[in-house]
Amino acid sequence: VARAALEGARAGEPRLEEVYVAFARLSLLEGRVEDAVAACTQGIELDKGYVPHYLERGELRILIGLRAESSGGDPREGFQQAHEDFAKAAELDPGSPAPWMWLGNVLMRLGQWLREHGEDPDPVFRRAEEALAKAVEAGAQDSDAWLKQGALYANWAVALAAGGKDPDGAF
């Protein structure tokens, strides 16, 4: 019923951006992640400046990366695609904390995965630090940005200690 209603809305107003986000969320609820990504991509093709499409698709791509990771696979492709979406959202709306928080979040998660697989997470953690600093700057009242920054430093300290480095004073 919901899908039919959305089809009707899209047929009546095919440029209505919110319909594509709604299709994405409905597809996700139905367990169809690739269809959800496709809905966001269709929305982007119609309006390359609508930030919610990039944020939504980026979140879905993180999910794809996490699914790959949970099945023993490599999440980097999903994380990289999410990174590209969040970077585009940040470019389009640099004063909003949301794109920067998501960008920092995906980079932090990638850094964790790199650490767990014996690769150097430092460059990725540094990029996450920059993104989260912009999130704090853009929305200093937003406690989520501060919390994500704290989580980043905790993960980074673990990575440094695991590599035999003293994390004290590293940040």
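Helices do the work of building this protein: there are 8 of them and 0 strands. Walk along the sequence and the pattern reads α-α-α-α-α-α-α-α. Keep in mind as you look around that this is a predicted model.

How do the pieces come together? Take the contacts in the protein with a separation of 6 or more: residues 24 or more positions apart account for 54% of them. Of the 171 residues, 43% are buried. As for the outside, the protein exposes about 8,700 Å², and 54% of that is supplied by carbon and sulfur atoms.

Now let's head inside, to the largest nonpolar core. This core has 31 residues, and the ones touching the most other members are Phe86, Val106 and Leu152. Which helices feed into it with at least two residues each? They are α4 (51–70), α5, α6, α7 (122–138) and α8 (143–162). The largest share comes from α6, with 9 residues.

Leu152 is a good place to stop for a moment. Setting aside its neighbours within four places in sequence, Leu152 is in contact with Met108, Phe125, Ala128, Glu129 and Leu132. Apart from the big core lies another one, made of 8 residues, including Phe23, Ala36, Val37 and Leu60.

Right next to Leu60 in the numbering comes Arg61, which sits in helix α4. Is Arg61 buried or exposed? Its relative accessibility is 13%, and because buried means under 20%, Arg61 counts as buried. What does Arg61 touch, once residues up to four places away in sequence are left out? The list is Val37, Gly78, Phe79, Gln81, Ala82 and Asp85. Val37 is also among the members of that 8-residue core. You can also look from Arg61 to Glu77: the two are 16 residues apart in sequence, and their C-alpha atoms are 8.7 Å apart in space.

Last stop: the empty space. Rolling a probe the size of a water molecule over the atoms shows where empty space is left. A search of the whole structure turns up 1 cavity of 30 Å³ or more, with a volume of about 30 Å³. Its lining is formed by Phe79, Gln80, His83, Val106, Leu107, Leu110 and Arg127. Two elements give two or more residues to this lining, α5 (76–92) and α6 (97–116). By character, the lining residues split into 4 nonpolar, 2 polar and 1 charged.

A couple of these names have come up before. Phe79 lines the cavity and is also touched by Arg61, while Val106 lines the cavity and is one of the residues touching the most other members of the largest nonpolar core.

Terms used. Residues numbered from 1 in each chain as written. Predicted model: local features only at pLDDT ≥ 70, side-chain atom pairs only at ≥ 80, totals over all residues. Heavy atoms only, no water. Helix = DSSP H or I, 4+ residues; strand = E, 2+ residues; numbered from the N terminus. Buried < 20%, exposed > 50% of the residue type's maximum accessible area, 1.4 Å probe, protein only. Contact = heavy atoms within 4.5 Å. Areas by Shrake-Rupley, 256 points an atom, 1.4 Å probe, with all protein chains shown as cover. 1 Å grid on protein atoms, 1.4 Å probe; cavity = no way out; pocket = protein on both sides within 12 Å on 5 of 7 lines; lining within 4 Å. Points joined across faces, edges and corners; volume = space filled by probe spheres on them. Nonpolar A, V, L, I, M, F, W, Y, C, P; charged D, E, K, R; others polar. Core = buried A, V, L, I, M, F, W, Y, C linked by side-chain atoms within 4.5 Å.
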